[in-house]
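Let's take a walk through a protein structure together. Keep the picture open while you read, and find each residue as it comes up.

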Amino acid sequence: TVNVSQIRGCDEITPEWFDMPQSIPFGNMFADDSIWMPILLQADRHVKFDGYFHFDAAVEHLTCLDYYLDVKEEDEEEEEETKT
């Protein structure tokens with residue numbers, strides 16, 4: 001469980017909570033967020049990501065030029081190993 005009172009922002013990010021995934025303003029976020037975050041939010045189990053995102057340096061993190069993303073959902077056996 002997340003204690004919302006302990007979450008802090010930084011110069012680049014102000015934390016916000018959304019009731020519905022469709023309400024998340026991906027257009028105002030780093031370009032890679034719209035790629036990996038829906039996968040995470042729709043997953044039934046723990047998800048492991050392995051990959052990279054290549055951004056256009058001229059426009060900071062707004063344009064993702066290329067990416068590789070390998071997504072694996074843990075099966076129940078792996079989840080048990082993670083808990084121990």
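## Rings that pair up

There are three aromatic pairs in this predicted model. Let's start with Trp36 and Phe49: their ring centres are 6.2 Å apart and their planes meet at 75 degrees. An angle over 60 degrees counts as edge-to-face, so that's the label this pair gets. The two rings come from distant parts of the chain, with Trp36 in helix 1 and Phe49 in strand 1, which covers residues 47-55. They are 13 residues apart.

How covered up are these two? Trp36 has a relative accessible area of 23%, so it counts as partly exposed. Phe49 has 33%, and it is partly exposed as well.

Now look at Phe53 and Tyr67, another aromatic pair. Here the centres are 5.6 Å apart, with 20 degrees between the planes, and the pair is stacked. This is another link between distant parts of the chain: Phe53 sits in strand 1, Tyr67 sits in strand 2 (residues 64-73), and 14 residues separate them. Phe53 is partly exposed because its relative accessible area is 23%. Tyr67, at 41%, is partly exposed too.

## Stepping back

With those rings in mind, take in the whole chain. How many helices and strands does it have? The protein chain has two helices and two strands, and from the N terminus on they run in the order α-β-β-α. Of the 84 residues in the chain, 11% are buried. The accessible surface comes to about 7,100 Å², and carbon and sulfur atoms make up 49% of that.

You can also ask how much the chain touches itself over long stretches of sequence. Among contacts with a separation of 6 or more, 34% are between residues 24 or more positions apart.

Ile39 is a handy residue for seeing this kind of thing up close. You'll find Ile39 in helix 1, where its relative accessibility of 31% makes it partly exposed. Which residues does Ile39 touch, once you leave aside its neighbours within four places in sequence? The list is Phe49, Leu69 and Val71. You've already met Phe49, the ring partner of Trp36. As for Val71, that residue is 32 residues along the chain from Ile39, yet their C-alpha atoms are separated by 8.4 Å.

## Charges that meet

Next, hunt for salt bridges: the whole structure has two. One of them joins Glu74 and Lys48, whose closest N and O atoms are 3.7 Å apart. Glu74 lies in the loop between strand 2 and helix 2 (76-83), while Lys48 belongs to strand 1, so to speak a link between distant parts of the chain, 26 residues apart. Is Glu74 buried or exposed? Its relative accessible area is 5%, so Glu74 is buried. Its partner Lys48, at 46%, counts as partly exposed.

Lys72 and Asp70 form a salt bridge as well, with 3.8 Å between the closest N and O atoms. Lys72 has a relative accessible area of 52%, which makes this residue exposed. The cut-off for exposed is over 50%. Asp70, on the other hand, is partly exposed at 24%.

## Cysteines and a nonpolar patch

What about disulfides? In general, a disulfide is a covalent bond between the sulfur atoms of two cysteines. Search the whole structure and you find zero of them. Two residues to look at here are Cys10, partly exposed with a relative accessible area of 47%, and Cys64, partly exposed at 22%.

Finish on the surface, with a nonpolar patch of about 400 Å². Which residues make it? They are Val2, Val4, Ile7 and Trp17. Trp17 is in the segment before helix 1, the helix that spans 33-42, and its 57% relative accessibility means it counts as exposed. Val4 is found in the segment before helix 1 too, and at 47% relative accessibility Val4 is partly exposed. These two patch members are 13 residues apart along the chain, and 9.4 Å separates their C-alpha atoms.

Note on methods. Residues are numbered from 1 along each chain as its sequence is written. This is a predicted model: local features need pLDDT of at least 70, side-chain atom pairs count only at pLDDT 80 or more; totals for chains, interfaces and linings use all residues. Side-chain values use heavy atoms; hydrogens and water are left out. Patches are made of residues with over 30% relative accessible area and no salt bridge: like charges are joined within 9 Å, nonpolar side chains (Val, Leu, Ile, Met, Phe, Trp, Tyr) within 5 Å. Accessible areas come from the Shrake-Rupley method with a 1.4 Å probe; for residues, only the protein chains shown count as cover. A salt bridge is a side-chain nitrogen of Lys or Arg within 4 Å of a carboxyl oxygen of Asp or Glu. Helices (H or I, at least four residues) and strands (E, at least two) are DSSP runs, numbered from the N terminus. Buried means under 20% relative accessible area, exposed over 50%, partly exposed in between (1.4 Å probe, protein chains only). A disulfide is a pair of cysteine sulfur atoms within 2.5 Å. Contact means heavy atoms within 4.5 Å. Rings of Phe, Tyr and Trp (its six-membered ring) pair if their centres lie within 6.5 Å; planes under 30 degrees apart count as stacked, over 60 as edge-to-face and the rest as tilted.
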